[in-house]
Amino acid sequence: MSLPDGVERRTFDGHERLATRGQPVYGEPTDGPWRLWDAGRSKLGAMLELDMDVELDGDDGVLYLGAASGTTVSHVADFAGPTYAVEFAPRPTRDLVEVAEDRPNLFPLLKDARKPETYAHVVESGLDAVVQDVATRGQARVAARNRQFLHDDGRLLAAIKARSEDVTADPDDVFEDVLATLRDAYEVLETARLDRYHDDHLAVVARPRT
Ligand code: SAM
């Protein structure tokens, strides 16, 4: 599967790894203007390493839900177009604001992803992708509520964390329930377990139902 424009495989310590061009954010190794995109610290990075067809491209407009202190969304902003980064915890958002200082296309928003009406006046609609990595109960509902920002052929790229839904349930049962709810708003195109990089996470690529 081809990588988005602006993402390359480069050699770090003798191994081919994903990389984007930008200022380092989390102590990752660099090679000239390139910095390693660590799939062990990024679910979207893991999706790319697993060759999932994420259909992201350089200059895409992206809404990123659950940005934390900016590890993954900084890589997205390195290759994408306008990148809106929603995070509801104030402390990581402070770091995120710093990450955005040298990325003019990255817009941090201290908002709750369950309440898109609180940022709908800031985030443009007709975006190419919603990337979701929110550690919260009701991950399918979060995705459904944020579908409004995507154009008809846009993509949801979600990492579903089983333990955020139910710490005691079998992850397979949790994923089945989440996918059933997700299918009300999206057509699911591809799924993959991310366990090689992230325990008990399911990656989902989906497009809005029209
Ligand atoms: N995506 C980040 C990365 O790869 O760099 C890591 C995200 S971390 C696993 C999950 C984040 O979701 C946390 O920072 C948490 O505060 C945030 N979160 C949980 N519920 C949220 C909500 N309802 N709205 C916004 N952020 C939320």
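Trainee: Which elements each supply at least two residues of the shell around the ligand?

Mentor: Helix H2 and strand E6 (83-87) each do that. Helices (H or I, at least four residues) and strands (E, at least two) are DSSP runs, numbered from the N terminus. Bear in mind that this is a predicted model: local features need pLDDT of at least 70 and side-chain atom pairs count only at pLDDT 80 or more, while totals for chains, interfaces and linings use all residues. Residues are numbered from 1 along each chain as its sequence is written.

Trainee: What makes a residue near the ligand, and which residues come nearest?

Mentor: The C-beta atom, placed from the backbone, has to lie within 6 Å of the molecule. There are 18 residues around the ligand, and Gly66, Thr71, Thr72, Ala113 and Thr136 come nearest.

Trainee: How do those shell residues divide by type?

Mentor: You will find 9 nonpolar, 5 polar and 4 charged. Ala, Val, Leu, Ile, Met, Phe, Trp, Tyr, Cys and Pro count as nonpolar, Asp, Glu, Lys and Arg as charged, and the others, Gly among them, as polar.

Trainee: Which residues does the UniProt annotation "binding site" cover?

Mentor: The unreviewed UniProt entry lists Thr71, Thr72, Glu87, Phe88, Asp112, Ala113, Asp133, Val134, Ala135 and Thr136. UniProt positions are in the numbering used here, feature names are shortened, and annotations may be inferred rather than shown by experiment.

Trainee: Why is Thr72 called buried?

Mentor: Thr72, in helix H2, has 26 other C-beta atoms within 10 Å. Buried means 20 or more other C-beta atoms within 10 Å of a residue's own, exposed means 12 or fewer, and partly exposed is in between, with C-beta atoms placed from the backbone. The count for Thr72 meets the first cut-off, so Thr72 is buried.

Trainee: And what makes Thr72 and Asp133 a contact?

Mentor: Two residues are in contact if their C-beta atoms, again placed from the backbone, lie within 7 Å. Leaving aside neighbours within four places in sequence, Thr72 is in contact with Asp133, and also with Ser42, Leu44 and Gly45. Asp133 is in the loop between strand E8 (127-132) and helix H4 (139-145), and is buried, with 25 other C-beta atoms within 10 Å.

Trainee: How do you know whether Ala68 is buried or exposed?

Mentor: The count for Ala68 is 19 other C-beta atoms within 10 Å, which falls in between the two cut-offs, so Ala68 is partly exposed. Ala68 is found in the loop between strand E5 (62-65) and helix H2 (71-79), and its phi is near 50°, a positive value in a residue other than glycine.

Trainee: How do you know that E8 and E9 pair?

Mentor: Pairing requires at least two bridges found by DSSP between the strands. E8 and E9 have 5 bridges, in the parallel sense, and Gln132 stands opposite Ala158 in E9.

Trainee: Why is E9 described as largely enclosed by the rest of the structure?

Mentor: That follows because 9 of its 12 residues are buried. One residue of E9 is Gly154, which is buried with 22 other C-beta atoms within 10 Å.

Trainee: What makes a set of residues a nonpolar core, and which members of the largest one touch the most others?

Mentor: Its members are buried Ala, Val, Leu, Ile, Met, Phe, Trp, Tyr and Cys residues joined through C-beta atoms within 7 Å. Of the 60 residues in the largest core, Tyr64, Leu65, Ala85, Val130, Val131, Leu157 and Val204 touch the most other members. Strand E9 (residues 150-161) gives the most to this core, with 6 residues.
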